[in-house]
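Got the model open in your viewer? Keep the selection tool handy and follow along, one stop at a time.

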Amino acid sequence: MNIILPNHLGIIIDGNRRWARARGLPPWEGHRAGAEKLNEFLNWCLELGIPQVSIYTLSTENLNRPKEELKHLFKLLEEYVDGLLNDKKKFALLEKYEVRVRFVGELNRLPKKLIKLMGKLMEKTAKYQKRVLNFLVAYGGKSEIVNAVKKLAEEVIKHGKIEITEKDIEKHLYVPQPLDLVIRTGGYQRLSNFLLWQASYAEIYVTKTLWPDFSKKEFMKALRWYSQQKRNFGR
């Protein structure tokens, strides 16, 4: 069977805390295991040749979690971004596949050190155009749409434009491109405020496997499932 790759793949990485709880570990150890899995997952995507991947890293709702958990989570994110930026082996992979890395969301709600590291990595990879890797951090789909509408309203007032099209809104989104496939681990069958506009006609694959246990075999199963779907976009 020929595998049809999505042009834009979204992944909701769910189940880190449940994975830790099942092992009697604190939640941040689940997040650490999830970060290690993310390295594997990105390698799979790059090797297969998927042009754009969007990862639901941290939602705006996640920012309401206990302070102790957030402290460890932010520290882990700092280590992860610093690794992509300064680990020669990891950055060589971004260079090899010419991956542009983007961090999108309400980044001003994050620690300053983390924001600075994200900025450096975005700047360092800005020249690459073959692949795009979007990390959605402090992100919410509804707030993204509100932000886009606000920017569009400013343009309307400035230029006196009356007609507003979908394309006008899309160009102001953090991630303008539509999703083809959304994979959600952890078993919950919902989008949880993830790229709501972009997921309008996306195929959604849900697996009960918790994110740290997600395997390449499970990933290929999802891609085979996607390849069998008839996409008519409401027509």
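Start by selecting Ile 55 and Phe 135: the two stand opposite each other, with Phe 135 sitting in β4. This is a predicted model, by the way. Now widen the selection to the strands themselves, β2 (residues 52-59) and β4, which run parallel and are joined by 7 bridges.

Next, colour β4 (residues 131-139) by burial. How many of its residues are buried? The count is 8 of the 9, so the strand is largely enclosed by the rest of the structure. Add β3 (residues 99-104), another parallel partner of β4, held by 6 bridges. For one pair to click on, take Val 99, whose bridge partner in β4 is Arg 131.

Zoom out to the whole sheet. It is open, has 6 strands, pairs them in parallel, and reads β3-β4-β2-β1-β5-β6 across. At the edges are β3 and β6 (203-206), each pairing on one side only. Look along the sheet and you can follow the twist, which averages 20° from one strand to the next.

Now pick β1 (residues 8-12) together with β5: these run parallel too, with 4 bridges between them. Ile 11 is a good marker here, as it stands opposite Ile 183 in β5.

Time for the helices on the sheet. Show α3 (residues 67-86), which packs on the sheet and touches β2, β3 and β4; its direction makes about 155° with that of β2. Then show α8 (residues 216-227), lying across β1, β5 and β6 and running at about 145° to β6.

Select α2 (residues 27-48) for a quick geometry check. At 1.5 Å a residue, its 22 residues should span 32 Å, and the end C-alpha atoms are 31 Å apart, which agrees. Buried residues in α2 include His 31, Lys 37, Phe 41, Trp 44 and Cys 45. Step just past the helix to Gly 49, which takes a positive phi of about 95°.

Last stop: Asp 180, in the loop between α7 (166-170) and β5 (181-184). Is Asp 180 buried or exposed? Its relative accessibility is 12%, and buried means under 20%, so Asp 180 counts as buried. Draw a distance from its side chain to the backbone nitrogen of His 8 and you get 2.9 Å. Beyond its neighbours within four places in sequence, Asp 180 is in contact with several residues, among them Pro 6, Asn 7, Glu 203, Tyr 226 and Arg 231.

Technical notes:
Residues numbered from 1 in each chain as written. Predicted model: local features only at pLDDT ≥ 70, side-chain atom pairs only at ≥ 80, totals over all residues. Heavy atoms only, no water. Expected span 1.5 Å × (residues − 1). Buried < 20%, exposed > 50% of the residue type's maximum accessible area, 1.4 Å probe, protein only. Pairing = 2+ DSSP bridges. Polar contact = N/O pair within 3.5 Å; in protein donor to acceptor, adjacent residues only side chain to side chain. Contact = heavy atoms within 4.5 Å. Axes fitted to C-alpha atoms, helices over the stretch in contact; angles between N-to-C directions.
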